[in-house]
Amino acid sequence: IFDFGNVLIEIDPARSIEAFQTLGAQADLHLDADFFHDFETGAIKATEFRRALRSQLRWASADSSIDRAWNALLLEIPPRTLHVLRSLRAEGYRLALLSNTNPIHIDEVRRRLGPFGYGEFARCFERIFYSYEMGLRKPDPAIYAAVDRELGITSPAEVLFIDDNAANIATAAAYGWRTLHFIRSGYAHRMAALEAIACR
């Protein structure tokens with residue numbers, strides 16, 4: 001089970017913070033406020049999320065400007081990543097994706113990849129679990145249990161969970177999943193770790 005950001009897709013949250021600052025956000029804006037969490041669990045819709053963000057800005061901003069700033073943190077899904085995922089799938093591994101995310105980001109990923117490209121990506125996985133669709137967010141232990149139920153997994157130790165967030169990893173390990181913590185040390189390091197999995 002793979003995380004998405006900084007495991008399969010490159011992200012840089014500082015880019016969104018800088019983009020919001022150009023729209024008049026204070027220098028101390030961070031992406032861990034309650035309304036970000038609420039958006040990622042589906043507790044609020046995009047309209048409410050934009051309204052909450054707009055209240056942090058000194059200047060009026062259109063929805064498109066807010067979305068563009070929010071999506072600035074998304075970089076790319078390197079082709080090599082898709083190759084590794086396809087190789088794992090071909091070797092018989094059951095693959096799933098579990099991501100704390102929101103509809104604005106996923107709509108942007110779909111737009112950038114296009115219908116064919118996103119379809120190719122999605123077909124790498126047996127299931128894709130997005131937090132905003134599940135109403136749960138990592139590291140809540142309930143999200144790991146929900147994934148197990150949906151995949152029909154009766155022994156958590158059968159799962160290898162790959163994530164870049166230490167809190168997510170710690171809670172998943174306490175729940176019973178085996179874990180691999182992706183350290184944010186660059187794309188080459190992460191791909192080497194993925195390819196090592198493929199060779200096991």
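## Core packing and overall form of a predicted model

Phe 121 touches Phe 4, Leu 8, Ile 77, Leu 82, Leu 85, Leu 97 and Leu 113, with residues up to four places away in sequence left out of the list. The model is predicted.

Phe 121 is also one of the residues with the most contacts inside the largest nonpolar core, together with Phe 2 and Phe 125. This core comprises 46 residues. At least two of its residues come from each of α1 (13–22), α2 (34–40), α3 (46–54), α4 (63–71), α5 (79–90), α6 (103–122), β2 (127–130) and β3 (160–163). The greatest contribution is that of α6, with five residues. A second core, separate from this one, has 16 residues, among them Leu 98, Leu 136, Ala 146 and Leu 151.

The protein contains 10 helices and four strands, arranged along the sequence as α-α-α-α-α-β-α-β-α-α-β-α-β-α. Among contacts with a separation of 6 or more, 69% join residues 24 or more positions apart.

The radius of gyration is 17 Å, which agrees with a compact globule, because 200 residues in such a form would give a value near 16 Å. Further whole-protein values are tabulated below.

| Property | Value |
|---|---|
| Box filled by C-alpha atoms, along the principal axes | roughly 55 × 35 × 30 Å |
| Residues counted as buried | 49% of 200 residues |
| Exposed area | about 9,700 Å² |
| Share of exposed area from carbon and sulfur atoms | 53% |

As for charge, the protein carries 23 positive and 26 negative side chains. The centres of these two sets lie 3 Å apart.

Definitions and conventions: Residues are numbered from 1 along each chain as its sequence is written. This is a predicted model: local features need pLDDT of at least 70, side-chain atom pairs count only at pLDDT 80 or more; totals for chains, interfaces and linings use all residues. Side-chain values use heavy atoms; hydrogens and water are left out. The radius of gyration is taken over C-alpha atoms; the globule rule is 2.2 Å times the number of residues to the power 0.38. Buried means under 20% relative accessible area, exposed over 50%, partly exposed in between (1.4 Å probe, protein chains only). Contact means heavy atoms within 4.5 Å. Accessible areas come from the Shrake-Rupley method with a 1.4 Å probe; for residues, only the protein chains shown count as cover. Lys and Arg count as positive and Asp and Glu as negative; His and the chain ends are not counted. The place of a charge is taken as NZ of Lys, CZ of Arg, CG of Asp or CD of Glu. A nonpolar core is a set of buried Ala, Val, Leu, Ile, Met, Phe, Trp, Tyr and Cys residues joined through side-chain atoms within 4.5 Å.
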